[in-house]
Amino acid sequence: MSATLQHGAEPDTEPRTAPDPVPGPLDLRLVPPALAAWATAALTLDAPAGRTVWIAAVALLGGIVLLRASRAGPAPPGAPSGRPAWARASLAAVLLCVAASATSAGLQGADVRRGPVPALARRSATVTADIELTGDPWLSRPRVRGDHTAPAAVLIRAEVRRVEEGDGRSTRTRAPVLVVVDAGAAGPEGSAGPPPLRGSTEGPEVPGRARGAAGDGSVAVAEGSGTPSDGVMASAEGSGTPSDGVAASAEESGTSSDGMAVSAEGSGTSSDGVVVSGEASGASSEKGAASAGGSRARAGQAGWLGLLPSTRLRVGGRLAPALVGGDRTAAVLRVRGLPGARVLAGPSTAQRWAGRLRDGLRAATDGLPGDARALLPGLVVGDTARITPELDDAFKATDLTHTLAVSGSNLTVLLALLIGPPGLARLTERRGLAPRLGLSLRATALSAGALTLGFVLVCRPDPSVLRAAVCGAIALLALATGRRRSLVPALAAAVLLLVLYDPWLARAYGFLLSVLATGALLVLAPGWSEGLRRRGVPPRLAEALGAAAAAQAVCAPVVAVLSARVSLVAVPCNLLAEAAVAPATVLGFAALATAPVAMPLAKLLAWGASWPTRWIAGVARAGAALPGAGVDWPGNWPGALLLAAVTVAVVLAGRRLVRHPWWCGLFGALLLLALVRPAPLTRVVTGWPPPGWRYAMCDVGQGDATVLAAGAGAGVVVDAGPDPAAVDRCLRQLGITRVPLLVLTHFHADHVAGLTGVLRGREVAAIETTGFEEPRQEAEFVEREAAGRHIPVVRAVAGEERRTGPLSWRVLWPPAATGPPTRSGPLTGPGPLTEPGPLTGPGSPTGPGPLTGPGPLTGPDSVTGPGPVTESRPVAAPEFDGPNDASVALLVRTGGLRLLLLGDLEPPDQQALLRSPEAAGIAGVDVLKVAHHGSAYQDPELIRLVAPRVALISCGTGNPYGHPAPSTVAALRAGGALVLRTDRDGALAVGGAGGADREVRVTRDGA
């Protein structure tokens, strides 16, 4: 434990009990039965009943026979020792545990598959069901699908108690289901939720935007993985994996008569980590109507999110089967609001009390800064509703997500506060609160039990919390008694009992990580810590480093399966965050306990907890921002075995290297360089970005994100792509830290959803957008993000010219509906950029032959002199059929190159551009950013006029739209263009001097 606890003593009235000072060989007798029961449960949960019966019967018969043979009596004189009898008894125990596990798993698996609900789900039947909630509702994290973002759905784990079919037949049953409540569904009648607390200013929190990207957005955060944050990690929850075993995706798939189907798919499931998305309906063309609809949707979501476990509802919806079997879900119940849901019975007294405490903690954290406000409820009770996707990604990148999930470390900190330093827990000179309150050892044990029970109730008694409590108690007991030798069988016994009680845990990645991390703490960490102490490392640091490294070593292969990556900063980030976890947890629980009776005191305690909480968030953000924070890894079990082999090799090599300080220093320096990846070194090693690049097209999947070089560390970014992580990674690789202007060509999600990635850690001076603010949901997202960072937003209209450093451009589209074009002062930016010679670098194909074209850009008088971006007066947007028609199109000139960026313009708008006065300036460009990801909808006359030397297409691998269209690629090549695409060529960078007689070079990332 790294927590610093108060010292106290009591009179010597109780016998001193010293820990066992001499470690002996590990007692592994219970390990084989526990592993056998675990494997049997995982294999027989969805096995045919006949096979399960045979396994149980054969194992039971064999176990009984072996058990009787081992008790046959003493061996005759002169016979060998009793080892064979011991072996028979051990094998009998294994077989009996297999029989018990097969019986439990077979019965519980059959219980999920039996009854009317699975049969109705296979028919996609519409039903009315009475359900009882078994967990807290949570919001899904929507996904970008094509050009729109599927709205968030409310997800609830529940149990169907009665189901009524369309013909009126009613059946009582008990079937676990995943309830998916579509966005826009009205809240249940009578779902007022718990009464507000004194000082509370809000009810259930719903994000202002479906994706939950705002500061108080609500998203589902998967339980984390990796190393312990307090040096006593008892549980490492699954990174990217929910706690019960399966991630679900609810989406339109067109399998039923009205085109609706719901699926539960993926791996891992949980009440706090399932990722589900539903398809979005079209946005309203009227901004006021869209805003009103959004308000109604948020109000409906708030009603659902305010429900507590054990609440009983009557809902109408459609049942659908889970597409991936093997999880504790008999069906998925899709609720669309008709008929309206109704509350039949409120929550139990215990759940109401626990909900009141959780709401009190939320209210106490309302006035805290953004990160502390979001993180503190997660650290204390696993409430991740305020965690933004950006912060969630930072915690995943650093393997700190276990701090956001309910884990054994939370309970360990609280119990340590009660009993004092674990090593003195059973001695007369014990410390902590218990001796100060005059509690005997027996009373202390009872108090610790009561504290554990309260912890389980407040954090919800679902499997993830139960295993956290069991594993946390085991870890604390190991440290308190010093008898790690006897705690290994205790851990095995806990695993055996939990698997027999809940066989579904056998398939839960979170449970696997819990056991692995706890086992590493008991088996590997003591020896590693002792080795570090022998080499001069301070004891406390050696203990923390040994625990963190051991947990990371055994958990990393499983995490790689889940996330297809390996974090290189997990151990240092966990060490840095370690000291802050204990004070944040203790003060957070104090705020939780005092909020119902003294809200001002609770707010004061929450303010105190905000300081260590902000430190943890800062560590996560700083670690995730490092260019080499993680490496991609095969996300499958062969990849896990490979990583395990690499880990073993590193550990064995490390044991030799620690004897040679110089070698340690050298490898440490190499690791530091791999994490920081200085731009000059990276450019030499990888050739990316190429020197003197002028324009780069990022590989962001099915979307657009491009960059125009504007000087050292600066770039004008055109569109942000669909994924914040992808565009952030691209900008980091290009060395962009300042963005004089961010141009968002239109508001489709595949162009704006990555906005937070562009804003992450960069100075953005202004955002320029089209005047057609549809889809409204995406436009509101941009407005909110810009307002939160005080970034001005202006409109682009044809005829506008801007310049920053060596870069100048002219807006060609959209035209202004009324009034003259908007003209703005030039953006402030870096000084002049010297023009290098022709680009060189690996894989740089040379464009086709000479190109003739017009001279400098023409248009309204240029504006000189520095100054901020301003808008002379509002210009009304013209009427367009859709967002693509209003895309911002730019003609760019940089270092002699002329580039045409067409956004997603459709053929009618391309034809209108040909008829406009701007057409004379776009003939014979050097580089064309092909419109709409190279779709078939292109105007052939425009392609012939533009006649690009290089045509670049941004599209995603295996996209469902067939982009780029073969006809478009053929037309471009027929005109002499070199066609490159991100789905095959990766990120692309353009350089050279352009013009009729000069060379244009394109470099592929990694080529």
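What follows is a chat about a predicted model, covering burial, cores and empty space.

Visitor: Why is Asp 926 called buried?

Guide: Buried means under 20% relative accessible area. Asp 926 has 2%, so it counts as buried. You'll find Asp 926 in the loop between helix H26 (907-915) and strand E24 (927-929).

Visitor: What makes the link between the side chain of Asp 926 and the backbone nitrogen of Arg 898 a polar contact?

Guide: The cut-off for a pair of N or O atoms is within 3.5 Å. The side chain of Asp 926 reaches that nitrogen of Arg 898 at 2.8 Å, so the pair passes.

Visitor: And Pro 600, is it buried or exposed, and how do you know?

Guide: Exposed means over 50%. Pro 600 comes in at 66% relative accessibility, so it counts as exposed. Pro 600 sits in helix H18 (residues 599-625). Across 236 residues of sequence, its C-alpha is 8.0 Å from that of Ala 364.

Visitor: What makes a group of residues a nonpolar core?

Guide: The members are buried residues of the nonpolar kinds, joined through side-chain atoms within 4.5 Å. The largest one here has 54 residues, and Ile 131, Val 179, Trp 304, Leu 333 and Phe 511 have the most contacts inside it. Helix H13 (residues 484-501) gives the largest share, eight residues. There's also a second, separate core of 33 residues, including Ala 696 and Leu 759.

Visitor: Which residues does Trp 304 touch?

Guide: Leaving out residues up to four places away in sequence, its contacts include Pro 137, Ile 156, Val 181, Leu 313 and Val 335.

Visitor: Why is one space called a cavity and another a pocket?

Guide: In a cavity the 1.4 Å probe fits but cannot get out, whereas a pocket is open. Seven cavities of 30 Å³ or more turn up in the whole structure. The largest cavity holds about 80 Å³, and among the residues lining it are Tyr 695, Asp 704, Leu 890 and Lys 929. The second largest pocket holds about 2000 Å³.

Visitor: How do you know which classes of residue line the second largest pocket?

Guide: Sort the lining by residue type: Trp, Ala and Val count as nonpolar, while Gly counts as polar. Of the 42 lining residues, Trp 528, Ala 549, Val 650, Val 651 and Gly 654 lie nearest the centre. The full tally is 29 nonpolar, eight polar and five charged.

Visitor: Which element gives the most to that lining?

Guide: H19, with eleven residues. Helix H19 spans 637-657, and other elements giving two or more residues include helix H16 (539-563) and strand E10 (565-567).

Methods. Residues numbered from 1 in each chain as written. Predicted model: local features only at pLDDT ≥ 70, side-chain atom pairs only at ≥ 80, totals over all residues. Heavy atoms only, no water. 1 Å grid on protein atoms, 1.4 Å probe; cavity = no way out; pocket = protein on both sides within 12 Å on 5 of 7 lines; lining within 4 Å. Points joined across faces, edges and corners; volume = space filled by probe spheres on them. Helix = DSSP H or I, 4+ residues; strand = E, 2+ residues; numbered from the N terminus. Buried < 20%, exposed > 50% of the residue type's maximum accessible area, 1.4 Å probe, protein only. Contact = heavy atoms within 4.5 Å. Polar contact = N/O pair within 3.5 Å; in protein donor to acceptor, adjacent residues only side chain to side chain.
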